[in-house]
Amino acid sequence: MSSMGPAIYIMWRRQMTRFVRSKARIVASLAQPLLFLVTFGFGFSALYRQAGAGNYIDFLAPGIIAMAIVFSSVFSGIEVMWDRQFGFLKETLVAPVSRVALMLGRTLGGATVALIQGCLVLIVTLIIGFRPASWWLIVPALLVMALIAIIFTAFGTAMGARIRDMQGFQLIMNFIIMPIFFLSGALFPLAGLPAVMYAVVRIDPLSYGVDALRGFLINSASFGLTLDVGVLVVVAAVLVSVGAYFFAKIEV
Amino acid sequence: MNIIEVHHLTRTFGEVKAVDDISFDVAEGEIFAFLGPNGAGKSTTIKMLTTLLQPTSGTISVNGHDPVKEPDAVRRSFGIVFQDPAVDDELTAWENMEFHGVLYGVPKARRRARIDELLKFVELYDRANSQVKEVSGGMRRRLEIARGLLHTPRIVFLDEPTLGLDPQTRNHMWSYLEQLNKSDKTTVFFSTHYMEEAERVAQRIAIIDHGKIVAMGTAAELRAKTSTESLEDAFLALTGSAIREEEGSSADRMRMVHRARRGR
């Protein structure tokens with residue numbers, strides 16, 4: 001087998017080209033996080049302050065950034081399904097390159113797109129009034145954002161390799177992605193949650209992503225940054241492997 | 001020398017034998033046609049020859065390599081034009097070519113020269129920077145042919161390449177392929193529903209039905225065998241006149257619905 005580099009690169013570049021070309025998608029992907037940020041942010045701000053918990057926008061911003069990355073990543077990953085539908089998948093599967101390289105290139109491309117969208121949302125939060133605890137710590141926060149992007153793009157790719165239609169996609173969004181987002185603590189503090197719900201939050205991998213982002217951006221990680229980053233790295237490794245496995249199994 | 005050798009090839013899907021113990025050879029430099037009614041096993045055979053499906057039993061050799069054991073060696077030796085469009089609509093014609101060239105490891109200088117040469121060859125050079133979604137169905141087909149030739153394959157597979165093409169585009173396409181077949185000794189393996197196309201361009205024809213090869217030879221041999229006047233009559237004599245139901249996968253069906261909606 002020849003080197004995987006060129007195949008990974010060209011798969012990545014295809015995603016970039018498609019992303020840059022779809023202005024509508026860039027705008028649409030900003031609309032939902034903005035809506036959450038404005039309605040929840042300003043809606044609950046007074047209540048949150050009265051409860052003595054501080055600035056809700058600061059608390060919410062990392063959660064919304066994570067949300068933007070998750071949705072963008074899953075969409076990118078699930079594009080495998082569209083490639084199958086529109087035939088382009090076959091073009092890549094008959095090429096003399098390993099499927100692992102194809103999957104890695106695709107995942108890195110989707111994750112890069114999601115990371116860029118996460119950065120755009122970060123800029124939007126700054127405009128709305130979010131202020132990180134330290135500007136310098138945005139750098140490690142970007143690494144956490146990249147990990148979240150890789151996890152959910154790999155997840156989307158694994159799902160996209162298995163499902164064949166829009167119904168399957170809707171099921172995944174409604175029964176996996178929405179619960180993962182709502183139960184990650186992106187919108188509310190974890191202190192004082194009912195025990196059962198807290199237990200669910202603790203098995204949601206996104207909880208650790210959101211917690212790590214809060215750790216770096218507003219200096220408030222409830223699980224501890226070491227645990228957060230450790231969990232993210234392990235989950236990313238597992239999902240990339242699972243995605244590569246499912247991708248290698250595709251028959252057209 | 002035989003560039004394709006198939007012995008006792010079988011592929012089953014559950015209970016159904018899509019391809020049932022077929023054997024045939026294709027000589028290097030030959031133009032070989034695969035005819036058969038819907039669901040006869042043409043696409044399944046092509047998918048096995050091109051590493052997209054694993055055979056249930058039997059052996060295949062493509063350019064001296066086994067698609068199961070050495071898929072990458074086989075993949076380097078052929079170019080393919082699929083039955084359904086397989087280009088990225090969002091990319092330009094040039095970008096689709098570049099993508100293919102990089103994926104096949106064609107070195108940059110040679111790749112760029114080949115892309116220009118082939119886009120001129122299929123008369124798409126002045127549309128090189130148009131996104132594929134902006135060009136006509138005939139142009140997409142020509143782009144797919146150019147792309148399939150980019151890495152100078154020894155064999156070109158075409159699965160019903162002229163489906164839905166107007167006679168002008170069809171003639172154009174065959175004149176490129178015949179020219180290439182003469183100049184480079186490129187082997188051409190294609191499936192089609194158009195009898196006159198097979199009769200005109202193919203040196204040898206195999207007729208497949210219910211997963212089995214029912215006849216093989218030149219068009220003249222097939223006519224003589226069935227005592228008929230035309231290849232179409234020979235085909236009907238060999239395969240009967242009952243209309244076949246094509247068993248498509250859910251993806252095929254959805255693609256068909258989608259295509260009908262888009263009016264292609």
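Begin in chain B of this predicted model by selecting B:Phe157 together with B:Phe189, which is the bridge partner of B:Phe157 in strand E7(B). Widening the selection to strand E6 (residues 155-159) of chain B shows that E6(B) and E7(B) pair in the parallel sense over five bridges. If you then add helix H6 (residues 167-184) of chain B, you have a right-handed β-α-β unit made by E6(B), H6(B) and E7(B).

Next, select strand E3 (residues 31-35) of chain B, which also pairs with E7(B) in the parallel sense, over five bridges; here B:Ala33 has B:Phe190 as its bridge partner in E7(B).

Stay with E7(B) itself, residues 187-192, and ask: is this strand enclosed or open? Six of its six residues are buried, so the strand is largely enclosed by the rest of the structure. In a regular strand, side chains alternate between the two faces of the sheet. Colouring B:Thr187, B:Phe189 and B:Ser191 one way and B:Val188, B:Phe190 and B:Thr192 another separates the two sides of E7(B), and both are covered.

Now move to the boundary between the chains, where 26 residues of chain B are in contact with 25 residues of chain A. On the chain B side, helices H2 (71-77), H3 (93-103) and H10 (250-262) each give two or more residues, and the residues of that side divide into 14 nonpolar, four polar and eight charged.

Finally, in chain A, select helix H1 (residues 5-21) and helix H5 (residues 99-128), which pack at an angle of about 35° with their axes 7 Å apart, in a right-handed crossing. Among the residues that meet there are A:Trp12 and A:Phe19 from H1(A) and A:Leu108 and A:Val113 from H5(A).

Definitions and conventions. Residues numbered from 1 in each chain as written. Chains lettered and ligands numbered in written order. Predicted model: local features only at pLDDT ≥ 70, side-chain atom pairs only at ≥ 80, totals over all residues. Axes fitted to C-alpha atoms, helices over the stretch in contact; angles between N-to-C directions. Helix = DSSP H or I, 4+ residues; strand = E, 2+ residues; numbered from the N terminus. Left-handed = near helix turned anticlockwise from the far one by under 90°. Contact = placed C-beta atoms within 7 Å. Nonpolar A, V, L, I, M, F, W, Y, C, P; charged D, E, K, R; others polar. Buried ≥ 20, exposed ≤ 12 C-beta atoms within 10 Å, placed from the backbone. Pairing = 2+ DSSP bridges. Right-handed = clockwise from strand over helix to strand, strands pointing away.
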